[in-house]
Amino acid sequence: MLKGILSISGQSGLFKLVSQGKNTIIVESITTGKKTPAYATSRVSALADISMYTTEDDVKLSTVFTNIYKYTNGAQAIDPKKASVDELKAYMDNVLPNWDKERIYTSDLKKLFTWYNILQAAGLVSDKEDEEEKAEEKA
């Protein structure tokens, strides 16, 4: 689900990895389809490598997105721009009950739900985790 999906610091939205060069990567915006370079100086994060803190073990972002998908029956999640802090936290309690309320900030929740909504609109989330990601976790 999240393989090849990137977040680039300083740029809004999410991107698909298109190709790699020596000091740059070419990415395509998920929302606009516009291709742009991301240079070696850019802070690029692969969503597949991101985990969320819980009171037990950390949980992969793909698992959180799967939980949101199941909770919303495949619809958009709460709108982080319109929701209050209390609404975001209550929503997160339903999606991931054991999330670490001390280490996950409101800005993290806003980013999480924004990313989910972008991926959901593009049809890139489902109620099943990637078999590839599950195999990597077992290894």
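Asp-100 touches Tyr-53, Thr-54 and Thr-55, leaving aside its neighbours within four places in sequence. That residue sits in the loop between α2 and α3, and its relative accessibility of 14% counts as buried. Keep in mind that this is a predicted model. Besides that loop, there's an open five-stranded sheet to walk through, plus the packing of α1 against α2 and of α2 against α3.

**The sheet as a whole**

- The five strands line up in the order β4-β3-β2-β1-β5, and the pairing is antiparallel.
- β4 (35-39) and β5 are the edge strands, each pairing on one side only.
- From one strand to the next, the twist averages 45 degrees.
- As general background, strands of a sheet pair through backbone hydrogen bonds, either parallel or antiparallel.

**β1 and its two partners**

- Strand β1 covers residues 5-8, with Ile-5 and Ser-7 pointing one way and Leu-6 and Ile-8 pointing the other.
- Those four side chains fit the general pattern, in which side chains of a regular strand alternate between the two faces of the sheet.
- Are the β1 residues Ile-5, Ser-7, Leu-6 and Ile-8 buried or exposed? All of them are buried, whichever way they point.
- On one side, β1 pairs with β2 (residues 15-20) in the antiparallel sense over two bridges, and Leu-6 has Phe-15 of β2 as its bridge partner.
- The β1-β2 connection is a hairpin with six residues between the strands, and Gly-10 in the turn has a positive phi of about 90 degrees.
- β1 also runs antiparallel to β5, joined to that strand by three bridges; here Ile-8 stands opposite Val-44.

**β2, β3 and β4**

- β2 and β3 run antiparallel and are joined by five bridges, with a hairpin of three residues leading from β2 to β3.
- β3 (residues 24-29) is likewise linked to β4 by five bridges, again antiparallel.
- The β3-β4 hairpin has five residues between its strands, and its turn includes Gly-33, with a positive phi of about 80 degrees.
- The two faces of β3 aren't alike: Ile-25, Val-27 and Ser-29 make up the covered one, while Thr-24, Ile-26 and Glu-28 make up the uncovered one.
- On the covered face, Ile-25 has Ala-38 in β4 as its bridge partner.
- Which residues stand opposite Glu-28? Lys-16 of β2 is one, and Lys-35 of β4 is another.

**Leu-47, in a loop**

- You'll find Leu-47 in the loop between β5 (44-46) and β6 (51-52).
- Leu-47 has a relative accessible area of 0%, so this loop residue counts as buried.
- What does Leu-47 touch, leaving aside its neighbours within four places in sequence? Its contacts are Leu-2, Ile-5, Leu-6, Ser-7, Leu-14, Leu-61, Phe-65, Trp-115 and Leu-119.
- Ile-5, Leu-6 and Ser-7 in that list are β1 residues, and they are buried too.
- Leu-47 and Lys-3 are 44 residues apart in sequence, yet their C-alpha atoms are 7.5 Å apart in space.

**How α2 packs against α3**

- Helix α2 (residues 85-95) packs on helix α3 (residues 106-121) at an angle of about 65 degrees, with the axes 10 Å apart.
- Angles of 65 to 115 degrees count as roughly perpendicular, so α2 and α3 fall under that heading.
- α2 passes α3 in a left-handed crossing.
- On the α2 side the contact uses Val-85, Leu-88, Lys-89, Tyr-91 and Met-92; on the α3 side, Thr-106, Leu-109, Lys-110, Leu-112 and Phe-113.
- Sorted by class, the contact of α2 with α3 has seven nonpolar residues, one polar and two charged.

**How α1 packs against α2**

- Helix α1 (residues 61-72) meets α2 at an angle of about 95 degrees, and their axes are 9 Å apart.
- α1 is therefore roughly perpendicular to α2.
- From α1, the contact takes in Val-64, Asn-67, Ile-68, Tyr-71 and Thr-72; from α2 come Tyr-91, Met-92, Asn-94 and Val-95.
- By class, the α1-α2 contact has six nonpolar residues, three polar and no charged ones.
- Tyr-91 and Met-92 of α2 take part in the contact with α1 and also in the contact with α3.

Terms used. Residues numbered from 1 in each chain as written. Predicted model: local features only at pLDDT ≥ 70, side-chain atom pairs only at ≥ 80, totals over all residues. Heavy atoms only, no water. Axes fitted to C-alpha atoms, helices over the stretch in contact; angles between N-to-C directions. Helix = DSSP H or I, 4+ residues; strand = E, 2+ residues; numbered from the N terminus. Parallel < 35°, antiparallel > 145°, perpendicular 65-115°, else oblique. Left-handed = near helix turned anticlockwise from the far one by under 90°. Contact = heavy atoms within 4.5 Å. Nonpolar A, V, L, I, M, F, W, Y, C, P; charged D, E, K, R; others polar. Buried < 20%, exposed > 50% of the residue type's maximum accessible area, 1.4 Å probe, protein only. Pairing = 2+ DSSP bridges.
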